Amino acid sequence: MTGTTIRAMRDDDAEAVVALWHAAGVARPWNDPARDLAFARRDPHSTVLVAERDGRVAATAMVGEDGHRGWAYYVAVDPAHRGSGLGGAIMAGAEDWLRARGVWKLQLLVREDNTAVKGFYEHLGYRDTRTTCFQKVIEP
Ligand SMILES: CC(C)(COP(=O)(O)OP(=O)(O)OC[C@H]1O[C@@H](n2cnc3c(N)ncnc32)[C@H](O)[C@@H]1OP(=O)(O)O)[C@@H](O)C(=O)NCCC(=O)NCCS
């Protein structure tokens with residue numbers, strides 16, 4: 001994409017990344033964004049990708065592999081830049097990151113009420129696996 005760079009985030013991107021998560025509506029009060037960023041960047045199994053446009057962070061995707069599958073979280077585009085290919089570009093970046101590590105399937109969680117985003121993922125070739133996610137906090 002002309003004028004857009006996909007790269008791993010740097011320490012000095014943290015403020016912009018968290019601001020984008022709030023603006024895009026992917027931040028949740030029960031998730032500490034600083035902790036999530038630090039944990040995803042602590043070892044080579046995961047990272048946080050950003051799409052930089054005109055020197056600013058315009059999209060993000062947290063991507064990682066758990067020894068079996070690839071996962072993406074915090075897929076978000078700055079509301080001012082939506083509909084211009086950044087969502088597709090950051091997902092392509094996540095797929096490339098995983099492919100380079102030998103991972104052959106990428107999956108992600110979509111909240112039941114986020115109906116708007118389902119068409120986006122389907123358009124990119126993702127299919128709804130009709131599974132339910134169970135979760136338990138095992139360490140506060
Ligand atoms: C979902 C989101 C990431 C999409 O970003 P975007 O930059 O607007 O998407 P793009 O412009 O890259 O669209 C990529 C392609 O998907 C298509 N598309 C986008 N949204 C679509 C939708 N709801 N239904 C069908 N197709 C859609 C586009 O037309 C485009 O098609 P093309 O490549 O053939 O031109 C963005 O709207 C967003 O940040 N949403 C809020 C946060 C969120 O819900 N994240 C997901 C959490 S699971």
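**Exercise 1. Work out which element supplies the largest share of the shell around the ligand in this predicted model.**

Solution. Start with the elements that each give at least two residues to the shell: strand 4, helix 3 and helix 4. Now pick the top contributor: helix 4, with four residues. Then zoom in on the residues themselves. There are 20 around the ligand, and V75, V77, G83, G88 and H123 come nearest.

**Exercise 2. Find polar atom pairs between protein and ligand, and say how much of the ligand the protein buries.**

Solution. Take the ligand oxygens to begin with. One partner is a backbone N or O atom of G85, 2.9 Å from a ligand oxygen. Another is the side chain of N114, with an N or O atom 2.9 Å from an oxygen of the ligand. Next, try nitrogen: a ligand nitrogen sits 2.9 Å from a backbone N or O atom of A116. Finally, do the area. On its own the ligand exposes 960 Å², and the protein buries 65% of that.

**Exercise 3. Check whether the length of helix 3 agrees or disagrees with its residue count, then see what covers its buried residues.**

Solution. Helix 3 runs over residues 86-99, which is 14 residues. At 1.5 Å a residue the span should be 20 Å, and the end C-alpha atoms are 20 Å apart, so the two agree. Now list the buried positions: L86, G87, A89, I90, M91, G93, A94, W97 and L98. Their cover includes strands 1 (4-8), 2 (46-53), 3 (56-65), 4 (70-77) and 5 (106-108), plus helix 4 (118-123).

Notes:
Residues are numbered from 1 along each chain as its sequence is written. This is a predicted model: local features need pLDDT of at least 70, side-chain atom pairs count only at pLDDT 80 or more; totals for chains, interfaces and linings use all residues. Side-chain values use heavy atoms; hydrogens and water are left out. The expected span of a helix is 1.5 Å times one less than its number of residues. Buried means under 20% relative accessible area, exposed over 50%, partly exposed in between (1.4 Å probe, protein chains only). Contact means heavy atoms within 4.5 Å. A residue is near a molecule or strand if one of its heavy atoms lies within 4 Å of it. A polar contact is a pair of N or O atoms within 3.5 Å; within protein, one must be able to donate a hydrogen and the other to accept it, and residues adjacent in sequence count only if both atoms are side-chain atoms. Accessible areas come from the Shrake-Rupley method with a 1.4 Å probe; for residues, only the protein chains shown count as cover.
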